[in-house]
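Q: Could you take a close look with me at one part of this protein, the surroundings of the annotated active site, and then link it to the sheet and to some buried residues? I am in my first year, so please explain the terms as you go.

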Amino acid sequence: MSHVTLRSGSVMPLLGIGTWRVSEVQDVNNLIKNALEIGYRHIDCAAIYKNEKLIGSALKKSSEDLNIDRKDLFITSKLWCTNFKKEHVRGACENTLKQLQLDYLDLYLIHWPVAFEHTGYDLEPGLPRDENNKIKFAKVTLQETWQAMEELVDSGLVKNIGVSNYSLPLLLDMMNYARIKPSVNQIEIHPYLNQNDLVKTLQEFDIHCTAYRPMAYGDASGAKLIEDPVIVELSNKYNCKPAQIVLSWNVSRGVSAVPKSLSRGHLEENFNSYKLQLTKEDVDKINTLNKNKRFTDPMKNWALPMFD
């Protein structure tokens with residue numbers, strides 16, 4: 001399986017490319033060019049990454065050079081937390097579209113379920129603080145934000161809407177007020193944080209899960225998922241790279257993934273991961289690696305215990 005059909009009928013490639021912390025012009029140009037040449041059509045962006053203008057220029061040039069139609073691309077971006085008020089949501093989306101040089105987004109996500117005070121569409125700062133260094137929160141409900149997201153669909157600026165980093169209680173609450181149900185919840189998923197129960201439950205509600213940080217990079221101890229004995233054992237069994245085992249594990253569970261790599265070789269390996277057919281026994285073996293270990297934790301960066 002290489003694609004998933006969202007509740008709207010839109011078709012989303014299961015393997016995409018992440019763009020977090022890709023900020024050098026040449027890196028962005030090479031990433032987009034290499035990815036499109038290899039066959040990627042799913043590109044995951046976000047306003048807070050502050051590289052959408054570079055991505056837009058690279059995407060326009062490479063698409064034209066390779067004769068790729070817009071309708072064949074699946075472009076995701078995310079609404080940052082400082083633009084959650086109704087009067088700011090559309091402006092933030094339009095700013096992203098301008099930066100990316102697009103007429104519409106295939107998917108627009110609420111990046112985190114917490115609202116900060118508005119700081120402008122350039123997101124400076126992205127995390128507003130007062131004179132005592134305390135975060136300045138905005139007085140706005142997630143329901144108001146979602147209703148503004150729905151209006152983006154109504155206006156044709158966005159094909160699908162969804163969320164990121166949402167817990168099950170937040171999603172169950174949303175289902176009570178959402179006129180347009182969320183298509184996707186993008187969350188941290190990897191074998192050390194497999195999120196099996198949440199994935200299965202959301203699939204029952206027809207909410208697709210996308211894995212960010214699927215390789216679990218970022219362990220301060222230096223330990224790497226791709227060096228885990230179980231992952232290495234399976235890579236030898238299937239005669240492939242460890243990273244391909246990890247991505248195939250996600251795809252086998254119907255979960256899409258947006259890994260980041262600036263290496264063309266790694267991009268090619270990642271792209272071919274969906275061709276692997278892991279047995280149920282091997283998927284289960286990978287599931288035993290779960291440690292409920294997060295590498296993206298707002299408590300560390302913002303002192304907000306959002307996952308406790």
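A: Here is a walk from the annotated site to the sheet and on to two buried charged residues.

This is a predicted model, in which local features need pLDDT of at least 70 and side-chain atom pairs count only at pLDDT 80 or more, while totals for chains, interfaces and linings use all residues. Residues are numbered from 1 along each chain as its sequence is written, and side-chain values use heavy atoms, leaving out hydrogens and water.

Let's start with Tyr 49. An unreviewed UniProt entry gives Tyr 49 the annotation "active site"; UniProt positions follow the numbering used here, feature names are shortened, and annotations may be inferred rather than shown by experiment. Tyr 49 sits in the loop between strand 4 (42-44) and helix 2 (52-66). Helices (H or I, at least four residues) and strands (E, at least two) are DSSP runs, numbered from the N terminus. With a relative accessible area of 17%, Tyr 49 is buried. Buried means under 20% relative accessible area, exposed over 50%, and partly exposed in between (1.4 Å probe, protein chains only). Not counting residues up to four places away in sequence, Tyr 49 touches Thr 19, Trp 20, Asp 44, Lys 78 and His 111. Contact here means heavy atoms within 4.5 Å.

His 111 carries a record of its own: the unreviewed UniProt entry places a "binding site" feature there. His 111 lies in the loop between strand 6 and helix 4 (142-155), and counts as buried at 7% relative accessibility. Beyond its neighbours within four places in sequence, the contacts of His 111 include Tyr 49, Lys 78, Trp 80 and Ser 164.

Now for the sheet. Eight strands form an open sheet in the order 3-4-5-6-7-8-9-10, with parallel pairing. Its edge strands, strand 3 (17-18) and strand 10 (256-257), each pair on one side only. Two strands pair if DSSP finds at least two bridges between them. Strands of a sheet pair through backbone hydrogen bonds, either parallel or antiparallel. Strand 5 and strand 6 (residues 107-110) pair in the parallel sense over four bridges, and Ser 77 has Tyr 108 in strand 6 as its bridge partner.

Ile 75 belongs to strand 5 (residues 74-79) and is buried, with a relative accessible area of 0%. Although Ile 75 and Asp 106 are 31 residues apart along the chain, their C-alpha atoms are separated by 5.3 Å. Among the contacts of Ile 75, leaving aside neighbours within four places in sequence, are Ile 43, Leu 59, Leu 102 and Asp 106.

Further along the sheet, Glu 188 is found in strand 8 (residues 184-188). Glu 188 is buried yet has no salt bridge; the nearest side chain of opposite charge, Arg 294, is 4.6 Å away. A salt bridge is a side-chain nitrogen of Lys or Arg within 4 Å of a carboxyl oxygen of Asp or Glu. For charge, Lys and Arg count as positive and Asp and Glu as negative, while His and the chain ends are not counted. The side chain of Glu 188 does make a polar contact with the side chain of His 190 (2.8 Å). A polar contact is a pair of N or O atoms within 3.5 Å; within protein, one must be able to donate a hydrogen and the other to accept it, and residues adjacent in sequence count only if both atoms are side-chain atoms. The Glu 188 side chain also reaches the backbone nitrogen of Phe 295 at 2.7 Å.

Last comes Asp 282, in helix 10 (residues 280-287). Asp 282 is buried, with a relative accessible area of 4%, and a polar contact of 2.6 Å joins its side chain to that of Tyr 238.
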